[in-house]
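Please go through this model with me, point by point. Keep the sequence and the 3D view open as you read.

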Amino acid sequence: MEAIGIGVWGVPLAVFAGAIRVSTPFIFVSLGEAITERSGRINLGLEGTLVFGAMTAYAVAVVTLSPWLGVLAAMAVGACFGIIHGFICKFPKVNDIAIGIAMMQFGLGLAFFLGKPFIQPAAPRLPAIAFGAWSDLPQIQAALNINVLFLVGAALALVFWWASRNTRVGLILRVVGDSSDAARAMGLNPDTVRLFATAAGGALAAIGGAYLSLYYPGSWNEGISSGQGLMAVALVIFARWNPIGCSLAALLFGGAGALGPALQSVGVTKGYYLFYAAPYVLTLVIMIATSSPTRSLAGAPGALSITK
Amino acid sequence: MTKLLHASPAISRRVFLQSSAAGAAVASLAPGLLLSPAAAQSALTVGFIYVGPKDDYGYNQAHAEGAAAIKALPGVTVVEEENVPETVDVQKTMESMINLDAAALLFPTSFGYFDPHMLEMAKKYPDLEFRHCGGLWQEGKHPGNTGSYFGYIGQGQYLNGIAAGYATKGKKIGFVAAKPIPQVLQNINSFLLGARSVDPTITCQVIFTGEWSLAVKEAEATNALIDQGADVVTCHVDSPKVVVETAAGRGTFICGYHANQSPLAPEKYLTGAEWAWGNVYTDFVKKARAGEKLGNFVRGGLKEGFVKMSPLGPAVSEEARRKFEATLAEMMGGGFSVFKGPIKDNKGNIVVSEGQSFPEDAIELESMAYLVEGVVGSTA
């Protein structure tokens, strides 16, 4: 590889590439949380599910030499975490938020404990598709090396967006989330629907974890997530529970996160701590700009159990 | 998040035991606490505390390899704990090592363990010995049963720089750094000066991530360096694994740090600056068992066996190997100075004047706050 710098063009390229590389876990966790919250339940434990999914995927990939089996195993354990959360939360007087935080700590602790022997071994990585093969520039080739899971996540967002409006399953999910009473009047059991929604949310969050450990940055250790699962939960509110909004918010967040290293690499070296705060500043600014003191959040599920 | 939730009320086991009716239990443990020469000669329990996992291909693994070396010594028991945050948690860990395992010599290895945590414990247990990795112990200011040890690894980064200087085609090398503290700045500067000893037109781009361990940001930083044309990369973060794997995945050469990372990228790994804590710990333990005084301010470099280099990788040219080995031999002879004037910083100020030179043990190097000319980056 002949090394050629690409100067300031590196910044937009890095933001673009970073948006794709960094956003995938955010997309999956926020989609999972959007489904869960659409059903009227909140799951703050997805950080734990994400990390446990990352550990499971890595461990299974090390043992079986198949990254895809790792992803499947992560989905299975993620669904289990979701089912535990959903099962406990259906009891009266149980607070979703407290259980979510407990489940997060449980997931983290268990992942650290079981993941101990897998910090050192190298796992096979998930494949990427080389969309940049047309270019002679190695930078563009690298930026356009797009992982399959990113494409799956983007496609899922579209499918969910469409399905929540146009299918019976989508309708059931929304009815349960907007009014438990109306759902019961229709003969639906809100607890069952929420259990499935929480399980699906857990499975999706765990895929996000698998992406972290098996593709980017592509290794398992205890600091692999550093709070991405929590940020993704916040992104759902930011995106107003809209699956496509979740993906866009995730992309924005990923791109803003790539800004700090990219600016330093072209010689804008002053104040990098400030640039590292860019994703959070951006979130705050958009939240403030789009909020209103006179009405509640548009699009919030009516039965969302923020308090019980 | 985890760290916040860990901050439970700090009732230590020691205090609990003292205040409870089980005072007798303390009394029965007490003989093990005293480091009388006779007791020390018979058996010694040594405690190691790590801030991260001990198999992280990095800082903690280097210490754990050192701990493994003294496990082999007869009569020595090693107790270890990983993932201990730099909070009151480390005090609890030390209390439990002292009271439950009868550890008489403790090595809390992470930078933030020193003040106030290790100092508190040292005051509470004046008969036990505490040694901390880092450069912070001062005569008169800190207790006599504490001390610091550290290695001059900057020379290792200079040797990394030599290997990098021969390997780079674009005359641009990269450094992923955690925080702009003197030890890190010295490594960055040494890496560039090593490369410039091969070709004075080489520049080094540095990216600070702001934290010791942030996997995604380290990967982003590595990619950003490579996108800007850096074709040899090294780092100073707690676990270089992500940087090494990301760089190797992009076809870039790597110089290692902390431990030997060549198994992660056998083709692309040039060499690496590694700690050799095994020698240091063995020395401490031998002295403790013989009842001799342990040093309070223990330092050494390549020559003293505190630091070593990874074996040269297959991509290192014959010419590079000769210069590398010649420089290494010069360093082993002692008195080698990486910082020889005149040196300017990257803002144009003279930081080492003509005729001045700082050998590795020069105190001036410990307060380094600049990046030398040729390093693209800023300390703030």
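1. Start with A:Thr192. Is A:Thr192 buried or exposed? A:Thr192 counts as exposed, because just 12 C-beta neighbours lie inside 10 Å, and a residue with 12 or fewer is classed that way. A:Thr192 lies in helix α9 of chain A, which covers residues 190–214. Now look across to A:Ala76. The two residues are 116 apart along the chain, and their C-alpha atoms are separated by 18 Å. Bear in mind throughout that this is a predicted model.

2. Step back to chain A as a whole. Chain A holds 13 helices and two strands. Its radius of gyration is 20 Å, and the globule rule gives 19 Å for 308 residues. The two values are close, so chain A is as compact as a globular protein of that length. The C-alpha trace spans about 70 × 50 × 35 Å along its principal axes.

3. How much of chain A is buried? The share is 53% of its 308 residues. Contacts also reach along the chain. Take those between residues at least 6 apart in sequence: 78% of them join residues at least 24 apart.

4. Check the cis peptide bonds. In chain A, one joins A:Tyr216 and A:Pro217, with omega about 0°. A:Pro217 sits in the loop between α9 and α10, and α10 covers 228–238. In chain B, the peptide bond from B:Gly341 to B:Pro342 is cis, with omega near 0°. B:Pro342 also sits in a loop, here between β14 (339–340) and β15 (343–344) of chain B.

5. Check the positive phi values next. A:Arg240 has phi near 55°, and this residue is not a glycine. A:Arg240 is found in the loop between α10 and α11 of chain A, where α11 covers 243–265. Why does A:Arg240 count as partly exposed? Because 15 other C-beta atoms lie within 10 Å, a count between the limits of 12 for exposed and 20 for buried.

6. B:His258 has a positive phi as well, near 75°, and is likewise not a glycine. B:His258 belongs to strand β10 of chain B, residues 253–258. B:His258 is buried, because 24 other C-beta atoms lie within 10 Å.

7. Now a helix pair in chain B. Two packed helices are described by the angle and the distance between their axes. Helix α5 (residues 59–71) and helix α12 (residues 277–289) have axes that come within 7 Å and cross at roughly 45°. The two helices α5(B) and α12(B) are therefore oblique to each other. Their crossing is right-handed.

8. Which residues make that contact? From α5(B) come B:Ala62, B:His63, B:Glu65, B:Gly66, B:Ala67, B:Ala69 and B:Ile70. They meet B:Trp277, B:Gly278, B:Val280, B:Tyr281, B:Thr282 and B:Val285 in α12(B). By class, the contact residues of this pair are eight nonpolar, four polar and one charged.

9. Finish where the chains touch. Chain A gives 42 residues to the contact, and chain B gives 42 residues. On the chain A side, the elements that supply two or more residues are α1 (10–38), α4 (96–115), α5 (138–143), α11 and α12 (272–276). This side of chain A has 23 nonpolar, 16 polar and three charged residues.

How values were computed
Residues are numbered from 1 along each chain as its sequence is written. Chains are lettered from A and ligands numbered from 1 in the order in which they are written. This is a predicted model: local features need pLDDT of at least 70, side-chain atom pairs count only at pLDDT 80 or more; totals for chains, interfaces and linings use all residues. Helices (H or I, at least four residues) and strands (E, at least two) are DSSP runs, numbered from the N terminus. The radius of gyration is taken over C-alpha atoms; the globule rule is 2.2 Å times the number of residues to the power 0.38. Two residues are in contact if their C-beta atoms, placed from the backbone, lie within 7 Å. Axes are lines fitted to C-alpha atoms, for helices over the stretch in contact, and angles run from 0 to 180 degrees between N-to-C directions. Angles under 35 degrees count as roughly parallel, over 145 as roughly antiparallel, 65 to 115 as roughly perpendicular and the rest as oblique. A crossing is left-handed if the near helix is turned anticlockwise from the far one by less than a right angle, and right-handed if clockwise. Ala, Val, Leu, Ile, Met, Phe, Trp, Tyr, Cys and Pro count as nonpolar, Asp, Glu, Lys and Arg as charged, and the others, Gly among them, as polar.
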